[in-house]
Every structure is written in C-alpha cells, then in structure tokens.
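User: I'd like to learn how to read a structure like this one feature by feature. Could you give me the general idea each time and then show me the case here?

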Amino acid sequence: MKQAKANVQRKKEFKIHLAVYLAVNAFLVGIFFVTSRNAFHAYFWPMWPMLGWGLGVAIHGAVVYLGGNSAKEADHVRKEYQKLKDAQGKHDNQ
C-alpha cells in the first residue's frame, strides 16, 4: 500500500513538472513572437530552454514510467538485507 501511494505521488509530481514546463515555454514562445519584428525569420531563441529543460522532463518521465518494477526492487532489497543479517549472525556466533 505504501509503495502504491509513493508511485501515485511520483506520477503526480511528474505531471506537475510537465505542466510547468509547457506553461513556461508557451510564455517564452509568446515573448518571442511579441518581441520579434518578423518572427518567422528571426532566430528562435526559446529552443534552448525548451531543449535543455525538455531533456530533464524526458528523463523524469522515463524514471517515473519506465524506471522498472519498484515492488520487485523492494523485494530484492529485502532479500539482500536478510543475507547480510544472516551473515552477521553467523559471524557473531563464531
């Protein structure tokens, strides 16, 4: 249950990140069109923040949606912890 809540929270955070990215970049493109005399022949400077930040948004989305099975990962961590705990117990008994 705790893991499911964490997954929902991570997806919500990504959606907020994506919405802010879209809103800010729409604003930047709006500034470009308002300040450029001939917007279709001017240097499109908003591409740089769009590309840079877009890479971050893409990585964030990949981690959230393609990051693997966190339940499987948690199970692996529990097993590894148990191995270490068992090894420590054997060491203490000697």
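Analyst: Let's start with burial. A residue is called buried when its relative accessible area is under 20%, exposed when over 50%, and partly exposed in between. Keep in mind that this is a predicted model. Take Trp-53: its relative accessibility is 28%, so Trp-53 counts as partly exposed.

User: Got it. Is Tyr-21 buried or exposed?

Analyst: Tyr-21 is buried, because its relative accessible area is 14%. Tyr-21 also has a ring partner: Tyr-21 and Trp-53 make an edge-to-face aromatic pair, with 5.4 Å centre to centre and 90 degrees between the planes. That pair links distant parts of the chain, since Tyr-21 sits in helix H1 and Trp-53 in helix H2, 32 residues apart.

User: What does "edge-to-face" tell me, and how many aromatic pairs does the structure hold?

Analyst: Edge-to-face is the label for ring planes over 60 degrees apart. There are six aromatic pairs in the structure. One of them joins Phe-14 and Tyr-65, again edge-to-face, at 5.8 Å between centres and 80 degrees between planes. Phe-14 belongs to helix H1 and Tyr-65 to helix H2, so this pair ties together parts 51 residues apart in sequence. Phe-14 counts as buried because its relative accessibility is 11%, while Tyr-65, at 40%, counts as partly exposed.

User: Which residues do ring pairs link into a cluster?

Analyst: The cluster consists of Phe-32, Phe-33, Phe-40, Phe-44 and Trp-45.

User: Next, polar side chains. What does the side chain of Asn-25 reach?

Analyst: When you meet a buried polar residue, look for a partner for its side chain. Asn-25 lies in helix H1 and counts as buried because its relative accessibility is 3%. The side chain of Asn-25 reaches the backbone oxygen of Tyr-21 at 2.9 Å. Leaving out residues up to four places away in sequence, Asn-25 touches Pro-49, Met-50 and Trp-53. So Trp-53 turns up twice, because Trp-53 is the ring partner of Tyr-21 and a contact of Asn-25, where contact means heavy atoms within 4.5 Å.

User: Where does Ser-36 lie, and which backbone oxygen is 2.7 Å from a polar atom of its side chain?

Analyst: Ser-36 lies in the loop between H1 and H2. The backbone oxygen at 2.7 Å from a polar atom of the Ser-36 side chain belongs to Phe-32, a member of the ring cluster. Loop or not, Ser-36 counts as buried because its relative accessibility is 16%.

User: How do I read the inward side of a helix? Which residues in H2 are buried?

Analyst: List the buried residues, then ask what they pack against. In H2, the buried residues include Gly-54, Val-57, Gly-61 and Val-64. The buried residues of H2 pack against H1.

User: And the outside? Which residues form a nonpolar patch on the surface?

Analyst: For a patch, look for nonpolar side chains on the surface that group together. Here the patch is made of Phe-27, Ile-31, Tyr-43, Trp-45, Trp-48 and Leu-51, which together have about 680 Å² of accessible area. Helix H1 (2-35) and helix H2 (47-66) are the elements that give two or more residues to the patch. Two members show how accessibility can vary. Phe-27, in helix H1, counts as exposed because its relative accessibility is 57%. Ile-31 also lies in helix H1, yet at 31% Ile-31 counts as partly exposed, because exposed requires over 50%.

User: Last one: how should I compare distance along the chain with distance in space?

Analyst: Put sequence separation and C-alpha distance side by side. Ala-6 and Asn-25 are 19 residues apart in sequence and 29 Å apart in space. Phe-27 and Pro-46 are also 19 residues apart along the chain, with C-alpha atoms separated by 9.7 Å. Ala-6 is in helix H1 and counts as partly exposed because its relative accessibility is 32%.

User: What separates the C-alpha atoms of Gly-67 and Glu-80?

Analyst: They are 20 Å apart, with these positions 13 residues apart along the chain. Gly-67 is found in the loop between H2 and helix H3 (70-93), and Gly-67 counts as partly exposed because its relative accessibility is 45%.

Key
Residues are numbered from 1 along each chain as its sequence is written. This is a predicted model: local features need pLDDT of at least 70, side-chain atom pairs count only at pLDDT 80 or more; totals for chains, interfaces and linings use all residues. Side-chain values use heavy atoms; hydrogens and water are left out. Patches are made of residues with over 30% relative accessible area and no salt bridge: like charges are joined within 9 Å, nonpolar side chains (Val, Leu, Ile, Met, Phe, Trp, Tyr) within 5 Å. Accessible areas come from the Shrake-Rupley method with a 1.4 Å probe; for residues, only the protein chains shown count as cover. A salt bridge is a side-chain nitrogen of Lys or Arg within 4 Å of a carboxyl oxygen of Asp or Glu. Helices (H or I, at least four residues) and strands (E, at least two) are DSSP runs, numbered from the N terminus. Buried means under 20% relative accessible area, exposed over 50%, partly exposed in between (1.4 Å probe, protein chains only). Rings of Phe, Tyr and Trp (its six-membered ring) pair if their centres lie within 6.5 Å; planes under 30 degrees apart count as stacked, over 60 as edge-to-face and the rest as tilted. A polar contact is a pair of N or O atoms within 3.5 Å; within protein, one must be able to donate a hydrogen and the other to accept it, and residues adjacent in sequence count only if both atoms are side-chain atoms.
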